[in-house]
Amino acid sequence: MNVHFENITASPVVYMRRVDQYGVQNSKLMQDMKQWVQSHNLWDKNGVIYGIAQDNALITPPEKCRYDVCFVTDSVFKNDDIHHGKLASGAYLVFEIPHTADEVQRFWGSIDEELVKEEKTLDERRPILERYKFALIEKGFCEFCVPILWLDAR
């Protein structure tokens, strides 16, 4: 697993949202967004998609959990399925992992351990970002951007 620090800058995004228990349907939303992006000829070698679980499933009722799939673009669209927003900036510890179900599951189970190893503290005010860059996806990898407290970012 490749790990590095990154200060992600604020970016305009378009996104699709699903409100319900986190799970398999999140992948369907991801596929829907990919199809929408491709159908609007937006996907290129610099394309980036984020998957964002907006709520902590340990304290938020399952039927109120929000999952967003975002595409970074400053283009404006009038479409009932698409919303416009901004990806917040901040300090992140970025983990590059193989994009397989086993590795993703392993990552989610090891976040606390990895933060201890890197001597960083999770910033619980911000969500963990799943990041899918075209160049990495082509090589079979994805990234998880774990928000860390700024004082730990040095």
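Tutor: Before we start, contact here means heavy atoms within 4.5 Å. Also keep in mind that this is a predicted model.

Student: Okay. Leaving aside neighbours within four places in sequence, which residues is Phe144 in contact with?

Tutor: Set those sequence neighbours aside, and one group of partners is Val104, Phe107 and Trp108. Another is Ile128, Leu129 and Glu130. What's left on the list is Leu93, Val94, Phe95 and Ile97.

Student: Which residues have the most contacts inside the largest nonpolar core?

Tutor: That core has 28 residues. Phe144 turns up again among those with the most contacts inside it. The full set is Met33, Trp36, Val69, Phe71, Phe107, Phe144 and Val146.

Student: And which element gives the most to this core?

Tutor: Elements giving two or more residues include strand 2 (11-19), strand 4 (66-72), strand 6 (90-98) and strand 8 (141-147). Helix 1 (25-39) and helix 2 (101-117) are on that list too. The top contributor, with five residues, is helix 1.

Student: How many residues does the second, separate core have?

Tutor: Val48, Ile52, Cys70 and Leu87 are included in it. Its count is 12 residues.

Student: Let's look at strand 4. How many bridges pair it with strand 2, and how many with strand 3?

Tutor: Strand 4 is mostly covered, with five of its seven residues buried. Both pairings are antiparallel: Val19 has Arg66 as its bridge partner in strand 4, and Ile52 stands opposite Asp68. The strand 2 pairing runs over seven bridges, and the strand 3 pairing over five.

Student: Is Asp55 buried or exposed?

Tutor: Asp55 sits in the loop between strand 3 (48-53) and strand 4. Not counting residues up to four places away in sequence, Asp55 touches Tyr22, Thr60, Lys64, Cys65 and Arg66. The cut-off for burial is under 20% relative accessible area. Asp55 has 17% relative accessibility, so it counts as buried.

Student: Why is strand 7 largely enclosed by the rest of the structure?

Tutor: Strand 7 covers residues 129-133. It's called largely enclosed because of how many of its five residues are buried: four.

Student: Which residue in strand 8 stands opposite Arg131?

Tutor: Start from strand 3, which is joined to strand 7 by five bridges, running antiparallel. There, Tyr50 has Arg131 as its bridge partner in strand 7. Strand 7 is also joined to strand 8, again antiparallel, by three bridges. Opposite Arg131 in strand 8 you'll find Glu143.

Terms used
Residues numbered from 1 in each chain as written. Predicted model: local features only at pLDDT ≥ 70, side-chain atom pairs only at ≥ 80, totals over all residues. Heavy atoms only, no water. Core = buried A, V, L, I, M, F, W, Y, C linked by side-chain atoms within 4.5 Å. Buried < 20%, exposed > 50% of the residue type's maximum accessible area, 1.4 Å probe, protein only. Pairing = 2+ DSSP bridges.
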